[in-house]
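Visitor: Please pick a single part and take me through it closely. I would like the cut-offs spelled out along the way.

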Amino acid sequence: MPKKGMDEMRDQIQRLMGDLLQDVKPLGYQTDPSFHPPMDVYETENDLVVVMEIAGVRAEDIHVVFEKDTLAISGARVESCSSPKIRLHQMEIDYGDFYRTLYIPFPLLADETRAVYRQGFLTVTIPKRKETGAKVVEVNIR
């Protein structure tokens with residue numbers, strides 16, 4: 001195939017892939033009954049911090065549970081417009097239930113977990129358990 005034909009085919013494939021991967025939901029799109037709000041997870045010197053973007057959710061509809069080594073955040077975002085929609089033109093906001101879990105592979109002080117919901121962001125802060133030093137275990141070889 002001549003170089004010009006290969007270039008045209010490459011351009012067409014790139015346009016097609018761009019269209020497929022574009023984050024716009026098509027006209028008439030029905031939302032999934034559950035969605036996964038984005039979250040950031042990071043450590044500070046003393047804490048593990050989880051920040052979740054969940055604008056439009058009432059604080060009383062958010063549930064945070066920390067059990068053993070797993071943090072679970074769940075809730076629901078209810079659609080604010082109660083009037084019937086005659087024709088949808090674009091729908092990008094997810095409504096319904098959400099549920100996210102996070103496995104935490106190091107010791108935390110679960111009893112001291114704090115959560116704050118402000119301006120559409122939930123921030124969960126869990127203090128790290130201070131280690132008293134490395135534990136040395138001698139293993140017998142048989």
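Guide: Happily! Lys68 sits in the loop between β4 and β5; strands here are DSSP runs of E with at least two residues, numbered from the N terminus. This is a predicted model, where local features need pLDDT of at least 70, side-chain atom pairs count only at pLDDT 80 or more, and totals for chains, interfaces and linings use all residues. Residues are numbered from 1 along each chain as its sequence is written, and side-chain values use heavy atoms, with hydrogens and water left out.

Though not a glycine, Lys68 has a positive phi of about 55 degrees. Lys68 counts as exposed because its relative accessibility is 76% (exposed is over 50% relative accessible area, buried under 20%, partly exposed in between, with a 1.4 Å probe and protein chains only).

Now to the strands on either side. β4 (62-67) and β5 (70-77) are among the elements that each give two or more residues to the largest nonpolar core. Such a core is a set of buried Ala, Val, Leu, Ile, Met, Phe, Trp, Tyr and Cys residues joined through side-chain atoms within 4.5 Å. This one has 18 residues, and Leu71, Ile73 and Ile104 touch the most other members.

Ile104 brings us back towards our starting point: beyond its neighbours within four places in sequence, Ile104 is in contact (heavy atoms within 4.5 Å) with Phe66, Asp69 and Leu71, as well as Leu48 and Ile126.

Conventions. Helix = DSSP H or I, 4+ residues; strand = E, 2+ residues; numbered from the N terminus.
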